[in-house]
Amino acid sequence: MDLGAITKYSALHAKPNGLILQYGTAGFRTKAEHLDHVMFRMGLLAVLRSKQTKSTIGVMVTASHNPEEDNGVKLVDPLGEMLAPSWEEHATCLANAEEQDMQRVLIDISEKEAVNLQQDAFVVIGRDTRPSSEKLSQSVIDGVTVLGGQFHDYGLLTTPQLHYMVYCRNTGGRYGKATIEGYYQKLSKAFVELTKQASCSGDEYRSLKVDCANGIGALKLREMEHYFSQGLSVQLFNDGSKGKLNHLCGADFVKSHQKPPQGMEIKSNERCCSFDGDADRIVYYYHDADGHFHLIDGDKIATLISSFLKELLVEIGESLNIGVVQTAYANGSSTRYLEEVMKVPVYCTKTGVKHLHHKAQEFDIGVYFEANGHGTALFSTAVEMKIKQSAEQLEDKKRKAAKMLENIIDLFNQAAGDAISDMLVIEAILALKGLTVQQWDALYTDLPNRQLKVQVADRRVISTTDAERQAVTPPGLQEAINDLVKKYKLSRAFVRPSGTEDVVRVYAEADSQESADHLAHEVSLAVFQLAGGIGERPQPVTNILTKRIN
């Protein structure tokens with residue numbers, strides 16, 4: 001390790017005084033102008049991680065669904081998964097180190113993790129379409145090269161595509177070719193093979209309107225669409241030609257505002273979906289004949305996918321261990337439908353896709369989606385082998401089902417939640433089952449719900465257990481929530497501290513929207529009183545909504 005060179009280069013990427021950042025579920029995120037030193041240092045860290053694991057490590061420059069002026073960075077571990085928790089701590093420590101402490105922190109990490117500094121290192125880099133991303137990528141490259149690491153800069157990629165590249169490189173090509181062409185071909189071939197099996201279709205001509213959030217998804221979908229066009233026609237909106245990234249469009253906007261993105265006209269019962277800025281989330285929606293908006297979020301996506309997988313397993317006579325992983329935000333109706341109607345076991349984890357991914361790996365087939373539309377299905381290597389053998393050995397009808405399952409496995413980007421991959425899986429299943437978007441939506445009816453947030457002096461006063469569904473501190477808060485919940489039918493509520501700001505997030509659901517709104521407000525008041533609320537007391541939901549509209 002050439003400490004002199006590191007010190008010299010680090011001075012060119014100096015840390016602003018007093019800036020403290022935390023490596024969270026999605027890595028570092030803040031205003032782009034504050035990130036130069038972080039990018040350089042994550043280049044350094046990626047090299048150390050690569051040396052330690054003797055594998056290719058990925059660095060993705062993106063702030064996902066955040067506004068265009070933000071940016072961020074996250075590291076991708078050898079099998080395309082999120083960075084290991086102990087290395088998240090190293091990332092935070094390195095990003096916040098003052099210039100004079102940089103050398104010591106790097107040596108500490110190397111010693112603590114027993115990094116062989118003579119080992120070769122290889123890092124792959126991708127970036128989204130933000131104006132700041134190209135320059136920040138160069139800062140990552142500076143960090144990689146000063147520590148003697150080799151790198152390949154893929155340039156513009158969706159976040160899931162970078163996860164895919166890392167996974168491919170570390171599995172010797174078994175998972176696929178580590179090129180953008182390889183990604184397009186693998187997914188499209190599986191999609192076209194699957195849709196050939198569709199004997200009928202809920203829609204005579206399969207077309208889909210896609211809101212690309214003015215992000216990287218538009219660029220990549222446009223490059224890819226001719227590969228699968230015989231099975232699906234896509235019409236792109238918010239494609240980046242005008243309009244700001246994630247502004248009044250994208251999956252996060254549609255989910256939180258419960259309305260279509262700007263710039264997309266929707267006729268009744270047209271199937272539409274939205275990606276987020278880096279194309280790792282997807283939600284579907286449509287307008288019914290009366291012009292009412294219907295959102296189909298991650299819960300309904302998980303239900304469609306897991307129930308289809310269960311049907312295929314029953315068809316081929318395989319009793320594999322399948323599980324669906326949700327968070328406390330999953331609508332109660334989806335959990336009941338999966339457990340009681342589909343007989344699929346459901347498990348709950350803390351919020352954050354890394355927690356769901358980790359839990360999903362415990363099953364032969366694990367399906368996980370957050371309500372925001374971030375998710376995928378994971379298949380163990382043993383299951384992949386078993387299905388491939390079944391596709392060759394079984395008699396006709398069973399062989400056809402096994403072949404479908406094999407194509408589904410190829411179609412999922414198992415390394416990460418991937419809006420493009422998920423879109424193709426959903427479209428294939430709807431075609432194979434002959435379902436319209438309305439029929440899919442009608443599988444179950446969501447319980448009305450409301451999410452609010454309460455400003456507090458210090459979010460750390462709230463601690464939770466049971467996958468964030470029960471508050472442990474402050475004393476008396478959970479008891480107060482329990483008493484409030486008893487007042488309403490089919491109700492539940494929970495509170496959890498934000499991971500990034502001093503606010504407490506409140507979730508409530510009940511048998512009517514009015515009840516859900518009342519319950520959310522009453523729980524907010526309890527949080528305000530017992531957890532050190534600051535500013536204005538929580539207002540009834542009707543007041544908040546009126547203020548927003550005006």
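**Salt bridges, nonpolar cores and backbone features of the predicted model**

Glu 501 has a relative accessibility of 32% and is therefore classed as partly exposed. The structure described here is a predicted model. In this model, the side chain of Glu 501 meets that of Arg 505 in a salt bridge, with an N to O distance of 3.5 Å. Arg 505 is likewise assigned to the partly exposed class, because its relative accessibility is 25%.

This pair belongs to a wider set of charged contacts. Side chains of opposite charge can pair when their charged atoms come close. Under the criterion applied, a nitrogen–oxygen separation within 4 Å, the count of salt bridges comes to 31. One of these joins Glu 270 to Lys 209, with 3.0 Å between the closest N and O atoms. The two partners are 61 residues apart, and the pair links distant parts of the chain: Lys 209 belongs to strand 6 (residues 207–211), whereas Glu 270 is placed in the loop between helix 9 (251–257) and strand 8 (272–275). The burial of the two residues was also assessed. Glu 270 is partly exposed, with a relative accessible area of 21%, while Lys 209, at 10% relative accessibility, counts as buried.

A further salt bridge is formed by Arg 450 and Asp 517, whose closest N and O atoms are 2.7 Å apart. Arg 450 is part of strand 15 (residues 449–455) and Asp 517 is part of helix 18 (residues 513–530), so this contact ties together parts that are 67 residues apart in sequence. Arg 450 is classed as buried, because its relative accessible area is 19% and the class requires a value under 20%. Asp 517 is also buried, with a relative accessible area of 14%. Beyond these pairs, Arg 206, Arg 271 and Glu 427 are linked in a network of salt bridges.

Nonpolar packing was examined next. The largest nonpolar core comprises 85 residues, and those with the most contacts inside it are Val 210, Phe 228, Phe 275, Met 423 and Leu 424. Helix 15 (residues 419–433) gives the most to this core, contributing 10 residues. A second core, separate from the largest one, has 42 residues, among them Leu 21, Met 39, Ala 46 and Val 123. The contacts of Met 423 illustrate the packing around one residue of the largest core. With residues up to four places away in sequence left out, Met 423 touches Leu 208, Val 210, Leu 221, Phe 228, Leu 232, Val 234, Cys 273, Phe 275, Ile 282 and Tyr 284.

Cys 273, one of the contacts of Met 423, is buried, with a relative accessible area of 0%. A disulfide is a covalent bond between the sulfur atoms of two cysteines. The structure holds 0 disulfides. In the case of Cys 273, the closest cysteine sulfur is that of Cys 212, at 7.7 Å, which is too far for a bond; the cut-off for a disulfide is 2.5 Å between the sulfur atoms. Cys 93, at 43% relative accessibility, counts as partly exposed.

A buried polar residue is found in helix 5 (residues 133–146), namely Ser 137. Its relative accessibility is 1%, and it therefore counts as buried. Apart from residues up to four places away in sequence, Ser 137 touches Val 61, Ile 125, Gly 126 and Arg 127.

On the surface, a nonpolar patch is formed by Met 1, Ile 107 and Leu 117, which together present about 200 Å² of accessible area. Met 1 is situated in the segment before helix 1 (3–12). The relative accessibility of Met 1 is 35%, so this residue counts as partly exposed.

Several backbone features occur in loops. A cis peptide bond, with omega of about 0°, joins Thr 473 and Pro 474. Pro 474 is found in the loop between strand 17 (470–473) and helix 17 (477–485). Asn 246, although not a glycine, has a positive phi of about 65°. Asn 246 lies in the loop between strand 7 (233–237) and helix 9, and at 13% relative accessibility it counts as buried. A positive phi, of about 55°, is also found at Lys 343, again a residue that is not a glycine. Lys 343 is located in the loop between helix 11 (332–341) and strand 12 (346–349). With a relative accessibility of 56%, Lys 343 counts as exposed, whereas Asn 246 is buried.

Key: Residues numbered from 1 in each chain as written. Predicted model: local features only at pLDDT ≥ 70, side-chain atom pairs only at ≥ 80, totals over all residues. Heavy atoms only, no water. Patch = residues over 30% accessible without salt bridge, like charges linked within 9 Å, V, L, I, M, F, W, Y side chains within 5 Å. Areas by Shrake-Rupley, 256 points an atom, 1.4 Å probe, with all protein chains shown as cover. Helix = DSSP H or I, 4+ residues; strand = E, 2+ residues; numbered from the N terminus. Buried < 20%, exposed > 50% of the residue type's maximum accessible area, 1.4 Å probe, protein only. Contact = heavy atoms within 4.5 Å. Core = buried A, V, L, I, M, F, W, Y, C linked by side-chain atoms within 4.5 Å.
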